[in-house]
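Let's take a walk through this one, going from the sheet outwards to the helices and then to the ligand. Keep the structure open beside the text as you read.

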Amino acid sequence: MREEAPRVLEAGFPPVPLVNHGLRAVTAVTVRARRRRHNQSMAAFDSAPLLVIWEVTQACDLACVHCRASAEPRRHPEELTTEEGFRLLSEVRAFGEPLMIFTGGDPLKRPDIFELLSESVRLGLRTTITPSATPLLTREAVASIQRAGVSRMALSLDGADEISHDGFRGVHGSFHRTLASLAEARRLGLETQVNTTVTRRNLTQLEQMARLVGEHEARLWSVFFLVVTGRALEADDLRAEEYESVFARLHAISLHAPFDIKTTEAQHYRRYLARSGQPSANPRQASAIRRQIGINDGKGLVFVSHTGDICPSGFLPLAAGNVRRDSLAEVYRTAPLFLALRDDSRLGGKCGACEYRKLCGGSRARAYAATGDYLAEDPQCVYEPARARTPA
Ligand code: SF4
């Protein structure tokens with residue numbers, strides 16, 4: 001890793017070569033335009049999120065070893081009702097046009113799921129769903145998702161073969177069902193995304209999984225890093241140095257991949273890219289990374305639990321309100337928890353001293369899981385900020 005401090009154009013704006021976006025020349029005009037777009041999106045995070053994630057149920061027939069939601073087969077009796085779901089979707093639409101993500105548990109455990117999806121689409125929200133690969137995910141279910149007007153279906157792939165994936169998911173047959181559902185979606189023209197949680201169990205299989213993502217023509221590979229919460233085990237997490245080597249491998253894959261790559265709960269991948277200074281041969285990748293700048297738990301992202309709790313993310317289980325009694329917009333905009341998470345001057349430890357804190361900010365969920373303080377430094381980052389390296 002190079003040791004020099006990054007070039008910062010002016011306070012508040014990240015170093016220009018976030019990656020060298022494949023641009024031949026960066027003119028003053030493009031720099032100004034980029035800075036304006038960046039500042040606009042950062043300011044916009046104060047009034048509206050880019051992503052709203054609704055955990056429509058915690059019920060799921062899988063038993064994944066890392067499950068954030070500690071899902072179980074039966075639905076919770078206090079799940080939001082269909083009518084409450086409709087009200088929530090209207091509130092989301094009032095934010096503007098955030099991406100609306102239906103997740104779980106397994107959303108297909110709700111009998112009203114297609115009604116809810118259709119309403120989301122009718123309201124004009126770009127809508128995605130993350131079903132579990134269980135017998136509920138039939139060809140007809142994939143077709144119903146497509147007919148509802150959903151923009152993208154995301155499926156989990158946590159191993160490059162049947163033994164590793166099914167071992168992870170706790171149910172035999174999940175690997176083949178995942179690949180068959182991706183193929184069926186492709187046949188129907190429904191866009192797909194693959195979600196992978198990187199752990200010690202599948203660390204050696206990254207490139208093979210990437211090959212499967214490409215072969216199935218998914219548009220996005222969303223690579224999750226562990227937050228030790230729910231059923232996730234600390235022993236499955238990687239060391240901070242291993243995060244860096246995964247970043248290097250993801251970057252190498254991204255140079256030629258026909259799909260975008262994003263990381264979840266590894267915000268420091270953006271710092272890795274900013275510092276790598278390696279030209280990106282893939283402008284689409286650069287654009288995917290640009291869209292993620294600054295997004296973090298509670299900052300451009302809000303999560304609504306199955307019982308309506310309003311949280312900064314699914315991995316940061318702190319509720320600042322509940323949609324049954326509070327306005328989603330008001331909680332997102334004014335709750336002290338959300339305000340604190342969007343104020344990078346309040347970050348502690350290395351993250352507080354880091355010149356990449358606006359771009360990255362570290363995983364607030366991991367900081368909370370490790371220390372109980374959501375503003376503490378991300379313990380899985382090897383970077384030593386320039387300010388921390390400078391003797392007083
Ligand atoms: S120290 Fe914190 S803000 Fe800086 S790169 Fe690491 S995780 Fe990101």
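In this predicted model, 10 strands make up an open sheet, and its pairing is mixed. Read across, the order is β7-β6-β5-β4-β3-β2-β1-β8-β9-β10. The edges belong to β7 (260-264) and β10 (321-322), each of which pairs on one side only.

A good place to start is β2 (99-103), which sits between β1 and β3 in the sheet order. On one side, β2 runs parallel to β1 (residues 51-55), and five bridges join the two. If you want a pair to click on, take W54, whose bridge partner in β2 is F102. On the other side comes β3 (127-129), again parallel to β2, this time with three bridges. Here I101 has T128 in β3 as its bridge partner. How much of β2 is covered? Mostly covered is the verdict, with four of its five residues buried.

Something also lies across this part of the sheet: helix α3 (residues 113-122) lies over β2 and β3. Relative to β3, the helix runs at about 155°.

Now slide along to the other side of β1, where the order continues with β8, β9 and β10. Strand β8 (residues 301-304) and strand β9 (residues 309-311) are an antiparallel pair, held to two bridges. For a pair to look at here, V304 has I310 in β9 as its bridge partner.

Time for the helices. The chain has 15 helices to go with its 10 strands, and a couple of the helices deserve a stop. Take α5 (residues 162-169) and α6 (residues 174-188), whose axes are 8 Å apart and meet at an angle of about 105°. Angles of 65 to 115 degrees count as roughly perpendicular, so that is how α5 and α6 stand to each other. On the α5 side, the contact involves E162, H165, D166 and R169, and these meet S174, F175 and H176 in α6. By type, the residues of this contact come to one nonpolar, three polar and three charged.

Further along the chain is α14 (residues 364-371), another mostly covered element, with six of its eight residues buried. Which residues of α14 are the buried ones? They are R364, A365, R366, A367, Y368 and A369, so you'll find two arginines on that list. What do the buried residues of α14 pack against? The partner is α12 (336-342). Right after α14 comes G372, with a positive phi near 85°.

That leaves the ligand. Its shell has 16 residues, and the closest are C351, C354, C360, G362 and C381. Two elements give two or more residues to this shell, namely α9 (268-276) and α13 (349-353). Sorted by type, the shell around the ligand has seven nonpolar residues, four polar and five charged.

Finally, zoom out to the whole chain. Of its 392 residues, 47% are buried. As for contacts with a separation of 6 or more, 73% come from residues 24 or more positions apart.

How values were computed:
Residues are numbered from 1 along each chain as its sequence is written. This is a predicted model: local features need pLDDT of at least 70, side-chain atom pairs count only at pLDDT 80 or more; totals for chains, interfaces and linings use all residues. A residue is near a molecule or strand if its C-beta atom, placed from the backbone, lies within 6 Å of it. Ala, Val, Leu, Ile, Met, Phe, Trp, Tyr, Cys and Pro count as nonpolar, Asp, Glu, Lys and Arg as charged, and the others, Gly among them, as polar. Two strands pair if DSSP finds at least two bridges between them. Two residues are in contact if their C-beta atoms, placed from the backbone, lie within 7 Å. Axes are lines fitted to C-alpha atoms, for helices over the stretch in contact, and angles run from 0 to 180 degrees between N-to-C directions. A residue is buried if 20 or more other C-beta atoms lie within 10 Å of its own, exposed if 12 or fewer, and partly exposed in between; C-beta atoms are placed from the backbone. Angles under 35 degrees count as roughly parallel, over 145 as roughly antiparallel, 65 to 115 as roughly perpendicular and the rest as oblique.
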